[in-house]
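This report describes the secondary structure, helix packing and selected residues of one protein chain. The sequence and the model are shown first, and the description follows.

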Amino acid sequence: GVSCPVCGEERFATSANAVAHVESGYCSGCRGQATARKRIYEFVSHNAPQLRVPMIENGYSTYEVPDTPYHCNQCQRSFKHLSSLMNHQDDVHNQRINVQRLTYY
């Protein structure tokens with residue numbers, strides 16, 4: 001199984017599922033959807049080159065998260081949630097983003 005990068009719970013089948021758990025707002029390490037989404041966005045914005053997570057914008061705003069900040073570098077689709085981009089890249093383009101490298105909290 002895959003561990004949550006925030007709370008460490010190991011019960012997920014895929015990295016995208018672990019990220020979706022954080023984004024849901026139910027992760028014990030980052031409560032609330034808006035808070036979780038913002039923290040993931042800020043972390044990915046700071047670390048996008050190493051993580052190889054395509055972003056629409058290279059910079060980030062500490063005030064608000066863009067509506068669809070995650071960007072597929074293969075087909076130019078945009079996504080609101082990192083987990084959606086991860087599922088898309090895995091299912092459509094056979095590419096994986098390693099969630100274990102998202103340990104930031």
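Is the crossing of H1 and H3 left-handed or right-handed? In this predicted model, the crossing of the two helices is left-handed.

**Helix packing**

Helix H1, which covers residues 15–23, and helix H3, which covers residues 82–93, pack at an angle of about 165°, and their axes lie 8 Å apart. Angles over 145 degrees count as roughly antiparallel, and H1 and H3 are therefore roughly antiparallel to each other. On the H1 side, the residues that take part are Ser15, Ala16, Val19, Ala20 and Glu23, and they meet Leu82, Ser83, Met86 and Asn87 of H3. Sorted by class, this contact of H1 with H3 has five nonpolar, three polar and one charged residues.

H1 is mostly covered, since seven of its nine residues are buried. The buried residues of H1 are Ser15, Ala16, Ala18, Val19, His21, Val22 and Glu23. After H1 comes Gly25, which has a positive phi near 90°.

**The chain as a whole**

The chain has three helices and four strands, and from the N terminus on these elements run in the order β-β-α-α-β-β-α. Of the 105 residues in the chain, 44% are buried. Among the contacts in the chain with a separation of 6 or more, 34% are made by residues 24 or more positions apart. The accessible surface of the chain comes to about 5900 Å², and 43% of that surface belongs to carbon and sulfur atoms.

**Two buried residues in the helices**

Glu23 is found in helix H1 and His88 lies in helix H3. The table sets out, for each of these two residues, the relative accessible area and a C-alpha separation from a residue elsewhere along the chain.

| Residue | Relative accessible area | Partner and separation along the chain | C-alpha separation |
|---|---|---|---|
| Glu23 | 7% | Ala36, 13 residues apart | 5.4 Å |
| His88 | 8% | Cys72, 16 residues apart | 8.2 Å |

Why do Glu23 and His88 count as buried? The term applies to residues under 20% relative accessible area; Glu23 therefore counts as buried at 7%, and His88 is likewise buried, with a relative accessible area of 8%.

Leaving aside its neighbours within four places in sequence, Glu23 is in contact with Gln33, Ala36, Ile40, His81, Leu82 and Ser83. Two of these partners, Leu82 and Ser83, are also among the H3 residues that H1 meets. His88, when residues up to four places away in sequence are not counted, touches Cys72, Cys75, Arg77, Phe79 and His93.

**Positive phi outside glycine**

Two further residues have a positive phi without being glycine. One of them is Gln76, with a phi near 70°, and this residue is found in the loop between strand E3 (70–71) and strand E4 (78–79). The other is Asn94, with a phi of about 55°, which is found in the segment after H3.

Is Asn94 buried or exposed? Residues over 50% relative accessible area count as exposed, and Asn94, at 69% relative accessibility, therefore counts as exposed.

Key. Residues numbered from 1 in each chain as written. Predicted model: local features only at pLDDT ≥ 70, side-chain atom pairs only at ≥ 80, totals over all residues. Heavy atoms only, no water. Buried < 20%, exposed > 50% of the residue type's maximum accessible area, 1.4 Å probe, protein only. Axes fitted to C-alpha atoms, helices over the stretch in contact; angles between N-to-C directions. Parallel < 35°, antiparallel > 145°, perpendicular 65-115°, else oblique. Left-handed = near helix turned anticlockwise from the far one by under 90°. Contact = heavy atoms within 4.5 Å. Nonpolar A, V, L, I, M, F, W, Y, C, P; charged D, E, K, R; others polar. Areas by Shrake-Rupley, 256 points an atom, 1.4 Å probe, with all protein chains shown as cover.
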